[in-house]
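User: I'm in my first year and still learning to read protein structures. Could you pick one part of this one and walk me through it closely?

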Amino acid sequence: MGKKKENTPEIVEMRDGVVIRNTGSSYIVRLDDGKEVNCRIKGNFRIKGIRTTNPVAVGDRVRVGLTGGDADFITMIEPRRNYIIRRASNLSKESHILAANIDQAILVATLREPVTTTTFIDRFLATSEAYNIPAILCLNKCDSWDDEDRELGEAVSYLYRSIGYQTVIVSAQTGEGLDTLRELTTDKVTLLAGNSGVGKSTLINALVPGANLRTGEISDIHHTGMHTTTFSEMLDLPYGGRIIDIPGVKGFGTIDFQPEEVSHYFPEIFRIGRGCKYGNCRHTGEPGCAVEEALERNEISQSRYASYLSILEEAEEEAGADKYRKPF
């Protein structure tokens, strides 16, 4: 005998709200009257045909069908003001939506235990540029820095400030930089991202008294962070605004970048590239390349150029594969 089909509860009322938590299997939606309901998805949601691992994201404005029981449904996503995505995994052709309808993104980075690489920073910033999301770099755990670390932290901060990114050096332990962080996040919806172990949860606990997010230890073997946030969640800031906390990620894969557009997502390369001899210059050995000349004069950092080349290579490989990929 076949498995008995479960009856879907009848929807008795439609309400609007915002998704404030995504647990993977269900969603918490805060309705416009402040009530929070647990929802599942009803229907098929896609963004312009892009395959995503999570069709509904924290920050989405949605229409909810209330059933009067404990099985309410998200029936529609309102048009997104914006969103930001990354590749779901290194081998995946799918994307993962980090958040929707945000005003800015703050990348929390650390110099050691764990080390946030400039490659990770640059990939996050390039993706923010691609989706027109203003990005801020937050260097955390400065209370653990020695003199050499402090010098490195100031150099990293200077590098990204010189490109045009706002940076802030903070410590949740001593309070250094927290006032600046509060000022930057006041009355805005902010995505907070970073590697596992960089101290996002500790920062949020400092900004949101009573949040009591679980914090984790650093692996003694690998000197990397261990996941403490297991789902994405939107938290209200007591001084106005909201923060979207997402699980820490080890790598940041870009997706759907066109090779000819990659330089657009590196502001200093795009600006200097206007002086190249050829308008379609990829800055990879072409004659009259203003970017490579600037690189020799140290007007563009080697680390940023290396990050640009790695993303360009991925984009070219993806573009090449798309030529032979059959439509589905």
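**Asp187 and the parts around strand 9**

Analyst: Asp187 has 60% relative accessibility, so Asp187 counts as exposed, the cut-off being over 50%. Please keep in mind that this is a predicted model. Asp187 sits in the loop that links helix 3 (178-185) to strand 11 (189-194). Its phi is near 60 degrees, a positive value in a residue other than glycine. As background, most residues other than glycine have a negative phi, and most peptide bonds are trans.

A good partner for comparison is His283. Phi of His283 is near 65 degrees, again positive in a residue other than glycine. Its place is the loop between helix 5 (267-273) and helix 6 (290-296). Is His283 buried or exposed? At 2% relative accessibility, His283 counts as buried, because buried means under 20%.

Now let's take the close look you asked for, at strand 9 and its surroundings. We can follow the chain as it comes in from strand 8.

Strand 8 covers residues 104-109. After it comes a loop leading to helix 1, and Pro114 is found in that loop. The peptide bond from Glu113 to Pro114 is cis, with omega near 0 degrees.

Next comes helix 1, residues 118-130. This helix has 13 residues and reaches 18 Å from its first C-alpha to its last, close to the 18 Å expected at 1.5 Å a residue. Which residues of helix 1 are buried? They are Phe120, Ile121, Asp122, Arg123, Phe124, Leu125, Ala126, Thr127 and Ser128. Following helix 1 is Asn132, which has a positive phi, near 55 degrees.

That brings us to strand 9, residues 135-139, where five of the five residues are buried. In a regular strand the side chains alternate between the two faces of the sheet. You can trace this in strand 9: Ala135, Leu137 and Leu139 are on one side, Ile136 and Cys138 are on the other, and all of them are buried, so both faces are covered.

How does strand 9 connect to strand 8? The two pair in the parallel sense over five bridges. One pair to find in the viewer is Val108 with its bridge partner in strand 9, Cys138. Together, strand 8, helix 1 and strand 9 make a right-handed β-α-β unit.

Strand 9 also pairs with strand 10 (residues 166-169), in the parallel sense and over four bridges. Here Ile136 stands opposite Gln166 of strand 10. To get from strand 9 to strand 10, the chain passes through helix 2 (residues 147-163), and this β-α-β crossover is right-handed. Looking back over this part, strand 9 pairs with strand 8 and with strand 10.

Before you close the viewer, try one more spot. How many cavities of 30 Å³ or more does the structure hold? There is one, and the largest cavity has a volume of about 30 Å³. Its lining is made by Asn22, Asn54, Ala57, Val58, His96, Ile97, Leu98 and Ser232. Strand 7 (residues 95-100) gives the most to this lining, with three residues. By class, the lining has four nonpolar, four polar and no charged residues.

Definitions and conventions:
Residues numbered from 1 in each chain as written. Predicted model: local features only at pLDDT ≥ 70, side-chain atom pairs only at ≥ 80, totals over all residues. Heavy atoms only, no water. Expected span 1.5 Å × (residues − 1). Buried < 20%, exposed > 50% of the residue type's maximum accessible area, 1.4 Å probe, protein only. Pairing = 2+ DSSP bridges. Right-handed = clockwise from strand over helix to strand, strands pointing away. 1 Å grid on protein atoms, 1.4 Å probe; cavity = no way out; pocket = protein on both sides within 12 Å on 5 of 7 lines; lining within 4 Å. Points joined across faces, edges and corners; volume = space filled by probe spheres on them. Nonpolar A, V, L, I, M, F, W, Y, C, P; charged D, E, K, R; others polar.
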